[in-house]
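Welcome to this model. Please keep the viewer open beside you while you read the points that follow.

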Amino acid sequence: MEVFWYSIIAVILAMFFILDGYDFGAGIIHLFFAKTEKDKEVIAKSAGLFWDSNEVWLVAGGGMLFMAFPTFYASVFSGFYLPLIIVLWLIIFRAIGLEFRSQFKFPMWRAIWDKSFGISSLLLALFFGMALGNVVRGVNLGGVENGISQYESQYFFLPLWNSSFSPLSETPGVIDWFTIIIGLISVLTLAIHGANWIILKTNSTINARLKSVVFYSNIGLLMLTILSLSVWQTINPNALDNFMSKPYLMVFPLLYFTGLIGLFFIKKIKKDLYPFLLSTLLILGGITSSLASLFPVILPSTNSINESLTIYNTVTSAYGLSVAFYWAIVGIILIVIYFIIQKRMMAGKIDNMDYGH
Amino acid sequence: MEDMILYDRLQFAFTITFHYIFPQLTMGLSLIIVFFKWKFLRSQVEKYNNAAKFFMKIFAINFTMGVITGIPMEFQFGTNWAKFSELTGGIIGQTLAMEGLFSFFLESSFLVLFIFGEKLMGQKLHFVTALLVFIGSWASGYFILATNAWMQHPVGYEILENGKYVLENFSALFSNPWLLPAFLHNQMGSLVTSSFVVASIGAFYLLGKSNVEYGKLFLKTGVIFGLISSLLVAFPTGDWNAKNVAKYQPASFAAMEGIFETEHAGAEIILIGQPNMVEKRLDNKIAVPNILSFLTYQDWNKQIMGMDKFPEEEIPTNVPGLYYSYHIMVGLGTIFIAIMSLAVFFLWRGRLYNFNPLLWSIMFLAPFAYIANITGWYVAELGRQPYLVYGLLKTADGISPTVSSGNTLFTLLGFVGLYFLLGVLFLILVGKTIYEGPKPEPHPQTH
């Protein structure tokens, strides 16, 4: 049952990064590449129509995490207090950028909210990547100093950074050179994904140019991926153990590399949907590979005194999980139905759709 | 430690108060939109459809604000109330996760379809999308009330050896005697806000002599819904809730009614007075004897326990705040019934649209509906103090053990600044939408 819930939550969070990921990515592209007002409007619209239904996945994932693994939820949310609240503020800035830009035709008004949308999207992509980096790297559970735990073993608190910016320090911060690498991977991945979304959903004038943007970003992504894999070994010598002992887990990195390699052929791909599917694989593979490397750990401990958080030591009661199993099945079937209805109704390019509110 | 609890509570109180400005409108308004859309289907008169679409614009702005101020609410359980989340997540996580799964997806998917899909799907399906948005928003309220009901009156749980509360009986969460009265009272409160807003916009158009046809429609719809909901919010739902408080949280009942000393026979009902916490009495009191006993137990002489009968640690921590919140809510509720009855009477006599003093009062009444709803929630939340989960977990024991007060003050200040900006933008946008008014559009082709 723990494994079932772990998988469900992982799928929901992956869906969040795939869906909201394209509108984060659209924001990054918007910030750097959209020049004409028409393009800016269309790109903002390609995100603006969908961001709120996409962010529901985050809320749903958070709620299920709360229900199934309350100790993990409590530990992680309070331990990453500052970065999480900053993420909330960025989500708000991004949303008001999207919702308010089209309200007045005044150029300065639009310029402000365009920047708000673009910069918050960029920073969110960076922060979400760093969050994944922090989970992979692990934290100082129990707040151990000089061999003594300052808190209960499941709690910790991370500063935004410590002066060394090193993931190898005894008390690493949220931002260190390893998490920055993962953050940049996330920015590039989502920028690629966003560009593919814009290509799929709009007829903007920069679509052709975006294909080279994807191509060159992909080169950067490949280099960063190799870099991160090599330093990961230094930070956590056991990083690849899971893949050695359970070779079938290799399917997850395989997804990632299929996406990565496939995107090098973007200029040859004729159908607008395929690049988007490839970057979807990229995100799905990236997240699942990271989780699979840790499994069943969900938050490693960087000290030897307190044990890592796993799905088994943070889970709620068996009864709670089994009763939730039934309603979750019903709920997920409903979500799939809504999702299909919505995607069918909103299929195709959105350039000329009326932006109502 | 004291600072920490204060900042945590202030941040939650501030962010939830600001958040609840939006759902309280959208829940009720979705019902009124369904009503307009239904009238249009029945009569094929275009103005009803335009009214539905106009209010869906207002709904959409409020929905967006509700989403972006709502995500911080879910996060804050973990960030600021980690111990509470750890201990009770197996229970309240159920209802919160169900809210995400069963209502947010429904609401957000079909809202987009309502706004953009009218021409694609035809009028009948367009009505269905409005109905689904309504169901989604009320389901959301239901799950939140189920969560809160458990915190007010915990049921269906067991305590593990490590102190955690886990679920023992799932259906008990929904048959909780606290839930149904609280849910219905809350939804009627939401309908009060939205119908008052509809009436207020109508009065604004009539007084400003713009969109007069819509002004009449909104005013008429608003005051009829307004009277029905103001009556239902008081009786039976409000009454039912008060009886629940008297039964399950008697110390809170004494505090909210302002009863310091137990009387021998029937208890009086306090109309006006200021709690004096040093001398443990009400200053400048105006009260009517025996009424409270009658209202609560239908017995003029039934004794009601005052705060003197309870140990200090059972009495809510902020008695004056609780007392004023309750009296503001009840006082405003009484005024609402009076003004809406008058409005419906004048509507019936055919004189409402020209009776300016009443139109002015209706126009300015809408903000007070928000105040009544929010003070109503303060009654519930202050009344639950000093507990976070009534009788089980003290508020002070629920906070995050590793977050320092400096960090919480930092984020509290950040939220205050950000929400101020958000509030200004919200007012500009709603003001613009109301100013532009419902625009008659060419009749969409139905297929």
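1. What radius of gyration would a compact globule of 447 residues have, and what does chain B have? A compact globule with that many residues would come near 22 Å, and chain B has 23 Å, which agrees. Please keep in mind throughout that this is a predicted model. The C-alpha trace of chain B spans about 65 × 50 × 40 Å along its principal axes.

2. Next, the make-up of chain B. Its secondary structure comes to 14 helices and six strands. Of its 447 residues, 61% count as buried, where buried means under 20% relative accessible area. Contacts within chain B tell you about the fold too: taking those with a separation of 6 or more, 77% are accounted for by residues 24 or more positions apart.

3. Now the surface and charges of chain B. The chain exposes about 17,600 Å², and carbon and sulfur atoms supply 66% of that area. There are 27 positive and 29 negative side chains in chain B. The centres of these two sets lie 17 Å apart.

4. Chain A can be read in the same manner. For 357 residues, a compact globule would have a radius of gyration near 21 Å; chain A has 21 Å, which agrees. Its C-alpha atoms fill a box of roughly 60 × 45 × 40 Å, again taken along the principal axes.

5. What helices and strands does chain A have? There are twelve helices and two strands. If you trace chain A from the N terminus, the order of elements is α-α-α-α-α-α-α-α-α-α-α-β-β-α, with the two strands placed just before the final helix.

6. The totals for chain A are as follows. Of its 357 residues, 62% count as buried. Among its contacts between residues at least 6 apart in sequence, 76% join residues at least 24 apart. Chain A exposes about 13,800 Å², with carbon and sulfur atoms supplying 72%. It carries 21 positive and 19 negative charges, and the mean positions of the two groups are 15 Å apart.

7. For a place to zoom in, try the hairpin in chain B. Strand β3 (residues 269-276) of chain B and strand β4 (residues 281-288) of chain B pair in the antiparallel sense over six bridges. You can follow the pairing residue by residue: B:Ile270 has B:Ala287 as its bridge partner in β4(B), and B:Pro275 stands opposite B:Leu282 in β4(B). Four residues lie between the strands of this hairpin, where B:Lys280 takes a positive phi near 55°.

8. Is B:Glu74 buried or exposed? B:Glu74 has a relative accessible area of 9%, so it is buried, the cut-off for buried being under 20%. You will find B:Glu74 in helix α3 (residues 46-80) of chain B. Leaving out residues up to four places away in sequence, B:Glu74 touches A:Leu58, A:Val59, A:Gly62, A:Gly63 and A:Tyr73. These names carry the letter of chain A, so colouring by chain helps here. The C-alpha atoms of B:Glu74 and B:Met277 are separated by 35 Å, the two residues being 203 residues apart along the chain.

9. Two peptide bonds deserve a look. Most residues other than glycine have a negative phi, and most peptide bonds are trans. A cis peptide bond joins A:Phe295 and A:Pro296, with omega about 0°. A:Pro296 lies in the loop between α11 (273-294) and β1 (297-299) of chain A. In chain B, a cis peptide bond joins B:Phe235 and B:Pro236, with omega about 10°. B:Pro236 lies in the loop between α8 (212-234) and α9 (237-248) of chain B.

10. Which phi values does the model give for B:Asn290 and B:Gln298? Phi of B:Asn290 is near 65°, a positive value in a residue other than glycine. B:Asn290 is found in the loop between β4 and α11 (291-297) of chain B, and with a relative accessible area of 22% it is partly exposed. B:Gln298 is not a glycine either, yet has a positive phi of about 55°. The place of B:Gln298 is the loop between α11 and α12 (319-348) of chain B.

Note on methods
Residues numbered from 1 in each chain as written. Chains lettered and ligands numbered in written order. Predicted model: local features only at pLDDT ≥ 70, side-chain atom pairs only at ≥ 80, totals over all residues. Heavy atoms only, no water. Rg over C-alpha atoms; globule rule 2.2 N^0.38 Å. Buried < 20%, exposed > 50% of the residue type's maximum accessible area, 1.4 Å probe, protein only. Contact = heavy atoms within 4.5 Å. Areas by Shrake-Rupley, 256 points an atom, 1.4 Å probe, with all protein chains shown as cover. Lys, Arg positive; Asp, Glu negative; His and termini not counted. Charge placed at Lys NZ, Arg CZ, Asp CG, Glu CD. Pairing = 2+ DSSP bridges.
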